[in-house]
Amino acid sequence: MNEKGLLRRGFINWFLGTSVVGLLASAVYPVLRFLSPPDRPEAATTQVEAGATNDSELLEKGFKIVRFGSEPIILIRVGEGDFRAFTATCTHLDCIVEYQKGEHRIWCNCHNGEYDLTGRNVSGPPPRPLTALTVNLVGGGPKQPDTIVISRS
Ligand code: FES
């Protein structure tokens with residue numbers, strides 16, 4: 001093989017080698033970042049604003065799921081000015097619960113688990129009650145709807 005052929009072969013070997021290294025690095029790096037915890041822990045969430053009291057979803061369905069940090073929370077409108085909030089993760093196998101307005105119950109459709117409006121497990125497989133959170137209504141001013149603020153009890 002002449003010198004030109006050796007140069008070409010060397011370039012192709014270098015090109016393929018760096019491509020394989022690049023491909024491996026692009027696959028391994030995200031996995032390593034996922035597996036290694038962040039340097040700083042997530043700040044603990046102490047309260048969240050969950051919207052206005054006249055929220056259309058709350059008025060129509062009677063509930064909505066809101067984020068409390070990384071945790072899903074179910075906010076329920078039981079009646080005029082009566083709002084309740086609980087952890088939305090079923091205590092059986094972690095499905096997300098919903099509020100059944102007509103039945104006045106919190107229900108888990110995974111295995112027909114049922115909670116009352118205090119979060120107490122009343123039927124089905126859930127072994128523990130839902131954790132209740134504190135709901136405060138913060139005045140929005142004249143002719144303005146209140147803001148719903150959820151905090152840890
Ligand atoms: S996960 Fe809710 S009843 Fe099983």
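Q: Is Asn-112 buried, exposed or partly exposed in this predicted model?
A: Asn-112 is found in the loop between E6 and E7. Its relative accessible area is 45%. Buried requires a value under 20% and exposed a value over 50%, with partly exposed in between. Asn-112 is therefore partly exposed.

Q: What is the phi of Asn-112?
A: Most residues other than glycine have a negative phi. Asn-112 is a residue other than glycine, yet its phi is positive, near 60°.

Q: Which class, buried or exposed, applies to Asp-94?
A: Asp-94 is placed in the loop between E4 and E5, and it has a positive phi of about 70° although it is not a glycine. The cut-off for the exposed class is over 50% relative accessible area. Asp-94 reaches 54% relative accessibility, so it counts as exposed.

Q: Which cysteines form a disulfide?
A: A disulfide requires two cysteine sulfur atoms within 2.5 Å. One pair has its sulfur atoms 1.9 Å apart, and the count comes to 1 disulfide. The pair is Cys-95 and Cys-110.

Q: How many residues apart in sequence are the parts that this pair ties together?
A: Cys-95 lies in the loop between strand E4 (82–87) and strand E5 (98–100). Cys-110 lies in the loop between strand E6 (105–108) and strand E7 (113–115). The pair therefore ties together parts that are apart in sequence by 15 residues.

Q: What is the handedness of the disulfide of Cys-95 and Cys-110?
A: The handedness follows from the torsion about the S-S bond. That torsion is about -95°, so the disulfide is left-handed.

Notes:
Residues numbered from 1 in each chain as written. Predicted model: local features only at pLDDT ≥ 70, side-chain atom pairs only at ≥ 80, totals over all residues. Heavy atoms only, no water. Helix = DSSP H or I, 4+ residues; strand = E, 2+ residues; numbered from the N terminus. Buried < 20%, exposed > 50% of the residue type's maximum accessible area, 1.4 Å probe, protein only.
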